[in-house]
Amino acid sequence: ILCERRTHSGVCHSDLAIMENSWAALPYPTQQGQVGGHEGVGTIVKMGPATGHTAVKVGDRVGIKWVAGTCGSCLPCLEGADAQCQKGKISGYYT
């Protein structure tokens, strides 16, 4: 787990779909205080114990893609299509 201070964020069609409840698989309504913009750029401000063997460090500027986590074992993951992970977590929605 890492914590970043977001400096830039993009809002895309996915944010609109979530706002309009177009994706039945996602919980609705969204959590209070949740805002659109799940892809962004920021600076790492804190790193958890499981991040010990990464190439990034506190203070580094990083990009955050829309997929926050995948199962690594479903067919899409095994085929390299992590964006279609059946148990995937979306940045800014679940994280």
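Across the protein chain the average pLDDT is 81, and 88% of the residues score at least 70, in what is a predicted model. Confidence varies among the elements of the chain, with the lowest mean pLDDT, 75, falling on strand β1 (residues 2-10), whereas the highest mean, 94, belongs to helix α2 (residues 75-78).

Salt bridges were then considered. Side chains of opposite charge can pair when their charged atoms come close. A search of the whole structure returns 2 salt bridges. One of them joins K65 to D82, whose closest N and O atoms are 2.7 Å apart. Because K65 sits in the loop between β3 (61-64) and β4 (67-69) while D82 sits in the loop between α2 and β5 (89-90), this pair ties together parts that are 17 residues apart in sequence. Both partners fall into the intermediate class of accessibility, K65 being partly exposed at 47% relative accessibility and D82 being partly exposed with a relative accessible area of 28%. A salt bridge is also formed between the side chains of D60 and K57, with a distance of 3.1 Å from N to O. Here the two partners fall into opposite classes, since D60 is buried at 18% relative accessibility, while K57 is exposed with a relative accessible area of 52%.

The cysteines were examined for covalent pairing. A disulfide is a covalent bond between the sulfur atoms of two cysteines. With a cut-off of 2.5 Å between the sulfur atoms, the count of disulfides comes to 0. For C74, the closest cysteine sulfur is that of C71, and at 3.7 Å the two are too far apart for a bond. The corresponding partner of C77 is C85, whose sulfur lies 3.6 Å away, again too far for a bond. C74 is nevertheless buried, with a relative accessibility of 8%, and C77 likewise counts as buried, with a relative accessible area of 16%.

Empty space in the model was also analysed. Rolling a probe the size of a water molecule over the atoms shows where such space is left. The second largest pocket holds about 300 Å³ of space, and its lining is made up of 15 residues. Of these residues, L26, A83, C85, G88 and I90 lie nearest the centre of the pocket; C85 is thus a lining residue as well as the cysteine whose sulfur is closest to that of C77. Sorted by class, the lining of the second largest pocket comprises 9 nonpolar residues, together with 3 polar and 3 charged residues.

Notes:
Residues numbered from 1 in each chain as written. Predicted model: local features only at pLDDT ≥ 70, side-chain atom pairs only at ≥ 80, totals over all residues. Heavy atoms only, no water. 1 Å grid on protein atoms, 1.4 Å probe; cavity = no way out; pocket = protein on both sides within 12 Å on 5 of 7 lines; lining within 4 Å. Points joined across faces, edges and corners; volume = space filled by probe spheres on them. Nonpolar A, V, L, I, M, F, W, Y, C, P; charged D, E, K, R; others polar. Buried < 20%, exposed > 50% of the residue type's maximum accessible area, 1.4 Å probe, protein only. pLDDT = per-residue confidence, 0-100. Helix = DSSP H or I, 4+ residues; strand = E, 2+ residues; numbered from the N terminus. Salt bridge = Lys/Arg side-chain N within 4 Å of Asp/Glu carboxyl O.
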